[in-house]
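Thanks for making time. I would like to take a new structure and go through a few parts of its backbone. Here it is on the screen.

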Amino acid sequence: MGEKAKTSGLASLLTTPLMSHSIHSLPHQLKPQTQKHMLKSHLPPLTRAFLKPLSKTMSFHHSSSNSVKSLLKGVVFDMDGTLTVPVIDFTAMYKAVLGEDQYTKIKSNSPSGIDILHHIEQWSPDKQQKAYEVIADFEQQGMDRLQIMPGAAELCGFLNSRNIRRGLITRNVKSAVDLFHERFGMSFSPALSREFRPYKPDPAPLLHICSTWEVEPHEVLMIGDSLKDDVACGKRAGAVTCLLDETGRYDSPEYANVELKPDYKVSSLAQVHSLLESNFDLTP
């Protein structure tokens with residue numbers, strides 16, 4: 001879904017289901033009843049073709065004017081780069097932790113991005129400690145420059161008006177989440193940080209939120225700016241996913257053949273409001 005749609009290809013794209021789950025890929029952690037609901041959600045043709053527009057005007061495309069909208073009971077957000085303006089130089093951080101040569105090697109084998117925390121977990125305790133200190137320094141610099149993403153407050157206000165729950169999952173530390181809540185006066189519950197294990201892209205944190213809310217995963221939308229963390233977490237949990245791609249980086253050829261692709265793609269949080277109203281049943 002990251003590729004730019006050509007006008008001649010719209011018809012085929014609009015009639016092709018975008019969910020990548022198969023019956024055999026349902027998360028084993030889910031109860032049989034949850035799996036049953038997830039299976040049912042995959043049977044009818046999906047109408048989730050939110051294509052990046054060919055102009056600057058946002059467009060929504062539907063496979064059928066008589067489509068039944070999916071019920072939405074909650075939205076779960078990533079934090080860094082989604083609710084907050086991206087200020088951490090992740091490339092510099094990865095190079096500082098891994099070294100130039102190792103970074104280049106791992107990057108060439110990871111088209112969706114580098115899971116730095118996964119690599120660190122394989123190291124000796126002493127090496128891990130040094131790596132976490134480097135990451136903590138970059139994260140502290142990010143907290144010092146913390147800014148809310150344009151459209152975030154308005155989107156949260158809209159969700160409040162429809163009584164739709166808001167949750168948060170980040171690989172950042174709890175202190176960063178606490179600062180976000182304090183500085184911007186916005187609340188997300190549950191708000192799961194890196195201290196919750198296992199963290200994204202494992203589906204566990206999203207499934208935990210669904211359990212807490214007592215809703216099915218397919219009734220939840222996961223929004224984030226990372227294919228490897230946010231989209232992967234959402235898809236593996238059985239949720240609907242939306243990729244925030246402000247710069248169009250995921251349109252590049254290196255992301256054309258990634259395994260898990262989002263159900264929707266937007267270039268700003270301001271577009272999510274219309275996406276929700278066009279594609280979901282927002283009945284309280």
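I will go through the sheet, then one helix, then some unusual spots in the loops. Please keep in mind that this is a predicted model.

The sheet first. It is open and has 6 strands, in the order 4-3-2-5-6-7, with parallel pairing. Strand 4 and strand 7, residues 264-266, stand at the edges. Each has a single partner strand, so one side of each is left without a neighbour in the sheet. In general, strands of a sheet pair through backbone hydrogen bonds, either parallel or antiparallel.

One pair to look at is strand 2 with strand 5, which are joined in the parallel sense over 4 bridges. Which residue of strand 5 is the bridge partner of Phe77? That partner is Ile223. Helix 10 lies across strand 5 and strand 6, residues 240-244, and runs at about 165° to strand 6.

Now helix 9, which spans residues 204-213. How many of its 10 residues are buried? The number is 7, so the helix is mostly covered, with buried meaning under 20% relative accessible area. The buried residues are Ala204, Pro205, Leu206, Leu207, Ile209, Cys210 and Trp213. What covers them includes four strands of the sheet, namely strand 2 (74-77), strand 3 (165-169), strand 4 (191-192) and strand 5 (220-224). Helix 10, residues 227-237, is also part of that cover.

Just after helix 9 comes Glu214, with a positive phi of about 60°. Glu214 is not a glycine, and its place is in the loop between helix 9 and strand 5. Is Glu214 buried or exposed? Glu214 is exposed, with a relative accessible area of 72%.

Asn163 is another residue with a positive phi, about 55°, and again not a glycine. Asn163 lies in the loop between helix 7, residues 152-161, and strand 3. Asn163 is exposed too, at a relative accessible area of 62%. As background, most residues other than glycine have a negative phi, and most peptide bonds are trans.

That brings me to the peptide bonds. The bond from Ser189 to Pro190 is cis, with omega near -5°. Pro190 sits in the loop between helix 8, residues 174-184, and strand 4. Lys200 and Pro201 are also joined by a cis peptide bond, with omega about 10°. Pro201 is in the loop between strand 4 and helix 9.

That is what I had to show.

Conventions. Residues numbered from 1 in each chain as written. Predicted model: local features only at pLDDT ≥ 70, side-chain atom pairs only at ≥ 80, totals over all residues. Heavy atoms only, no water. Buried < 20%, exposed > 50% of the residue type's maximum accessible area, 1.4 Å probe, protein only. Helix = DSSP H or I, 4+ residues; strand = E, 2+ residues; numbered from the N terminus. Contact = heavy atoms within 4.5 Å. Pairing = 2+ DSSP bridges. Axes fitted to C-alpha atoms, helices over the stretch in contact; angles between N-to-C directions.
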